[in-house]
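User: I should like to learn how to read the sheets and nonpolar cores of a protein model. Please take the features one at a time.

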Amino acid sequence: MYLVATGGPVGMAKRVLGYATENPVLVTGVVIGLLLLAGGGVSLYRYLTRSTVSRLQSLLSGYDTVTVLMHPNPDPDAMSSALAVDQLATAAGTETELCYPGEIRRPENRAFETVLDLEFDHIETVDDITTESVVLVDHNEPRGFAGAEEITPTAVIDHHPGGGTGTDFTDVRTDMGACATIFADYFQSLEWDFFEVDVALTDGGVNTDDVPVEAIPSHVATGLIYGIQSDTRSLTNGCSKADFTAAGYLYGGIDSDLLNRIANPQVDAEVLEVTARAITDREVRAPYGFSDVGEVSNTDAIPQAADELETLEGISAVVIIGEKEGTIRIAGRSRDDRVHIGRVIEAVVDDIPMAEGGGHARMGGGKISVEYMDGIGPSDGLSKRDLQERVFEAMAGER
Ligand SMILES: [Mn+2]
């Protein structure tokens, strides 16, 4: 040992080096031990993940057919997760029915469905689910259809908070940016090969006939990576290291042409026109915005315009209204923690007969029949201008 101890990191390094020179065997042993521990950690993690996915597979193999249930208005994360369960189930010798309540409306979601040529079953009530076993993906409590509360899921794979569990299997990882990340993790631990499927560019169909049972077809890998991208705003928002790891892993098996077609679909001209109107005619009382886009033929354009207006500098919450066939549609967005946009819309339509309004903290919607608006108030009823005032009051917490 050195007798002169010097301070600081240099001194420390010298002492460690000195010690290592004098006790080579001991130090080598310690280094090897540390390396083994780190390697062991990684393989232990892989072992645990593999046992998790094996448990899911053995659960699936116990049924002839399982229903894979997506949340209402499924997004690419939910849809690709359903595809992943289908792949795992097929390998376990089990058929699947991939189901969703609500609608697949947004262009990105429709493009996902069309380009991948998916056949998801639309359900309206609990009676449309005919299998004994239900697997939930990307949500943990069934919702959005009549009798949803009667469903007891067998398995739940999700990344949202909430208390929902499966009777036999629950893997809810709230630190993940996407449910697709969990499935990528499963596939990685299974060490299945990627398999390039033949995508018919002309009709958008995916031919899955030749896909080996234990493989990750390129359209599934592509779907999963887009699920991660769309749930995390292209890995910029709410993601973890695991999402990057999953994306890096999936990259080995994607079809980049397919990804491009899913991620950059053609936009309906009316959506752009309505968005332009929403921006031009906006009323801003910072940090809140409101816009009336008037008559529309495609009501999907209203929430999409709300998405765009919300990104405008200086606006943290926004409500857009538009009209179709005597019904006013409302779409709200908020990234302002003070504004629960669902409750704002609920408060705005509260006293209007037959009106609907509500939603989540960041996203909400509603509809009002113009006929019923006319019946409100002392004289001429409720005008769209009055509606605007109500919206600003509610956003400021005054309703
Ligand atoms: Mn998700």
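User: What is the strand order of the open sheet of 6 strands, and how is the pairing described?

Analyst: One reads a sheet by following its strands from neighbour to neighbour. In this predicted model, the open sheet of 6 strands runs in the order 11-12-13-14-16-15, and its pairing is mixed. Strand 11 (283–285) and strand 15 (356–359) form the edges, each pairing on one side only. On average, neighbouring strands of this sheet are turned by 10° against each other, direction ignored.

User: In which sense do strand 11 and strand 12 pair?

Analyst: The sense of pairing is read from the bridges. Strand 11 and strand 12 (residues 288–295) are antiparallel, over 3 bridges. Arginine 285 has tyrosine 288, in strand 12, as its bridge partner. Helix 9 (residues 269–280) packs on the sheet, where it touches strand 12 and strand 13 (317–324). The direction of helix 9 makes about 130° with that of strand 12.

User: Which residues have the most contacts inside the largest nonpolar core?

Analyst: In soluble globular proteins, nonpolar side chains tend to be buried together. Here the largest nonpolar core has 57 residues, and those with the most contacts inside it are Val68, Ala82, Val135, Val137, Phe183, Leu224 and Ile225. Helix 3 (residues 76–91) supplies the largest share of this core, 8 residues. Another core, of 35 residues, lies apart from it and includes Ile328, Ile330, Ala331 and Leu387.

User: Which residues does valine 135 touch?

Analyst: Leaving aside residues up to four places away in sequence, valine 135 touches Val66, Val68, Leu69, Val85, Pro153, Thr154 and Ala155.

Methods
Residues are numbered from 1 along each chain as its sequence is written. This is a predicted model: local features need pLDDT of at least 70, side-chain atom pairs count only at pLDDT 80 or more; totals for chains, interfaces and linings use all residues. A nonpolar core is a set of buried Ala, Val, Leu, Ile, Met, Phe, Trp, Tyr and Cys residues joined through C-beta atoms within 7 Å. A residue is buried if 20 or more other C-beta atoms lie within 10 Å of its own, exposed if 12 or fewer, and partly exposed in between; C-beta atoms are placed from the backbone. Helices (H or I, at least four residues) and strands (E, at least two) are DSSP runs, numbered from the N terminus. Two residues are in contact if their C-beta atoms, placed from the backbone, lie within 7 Å. Two strands pair if DSSP finds at least two bridges between them. Axes are lines fitted to C-alpha atoms, for helices over the stretch in contact, and angles run from 0 to 180 degrees between N-to-C directions.
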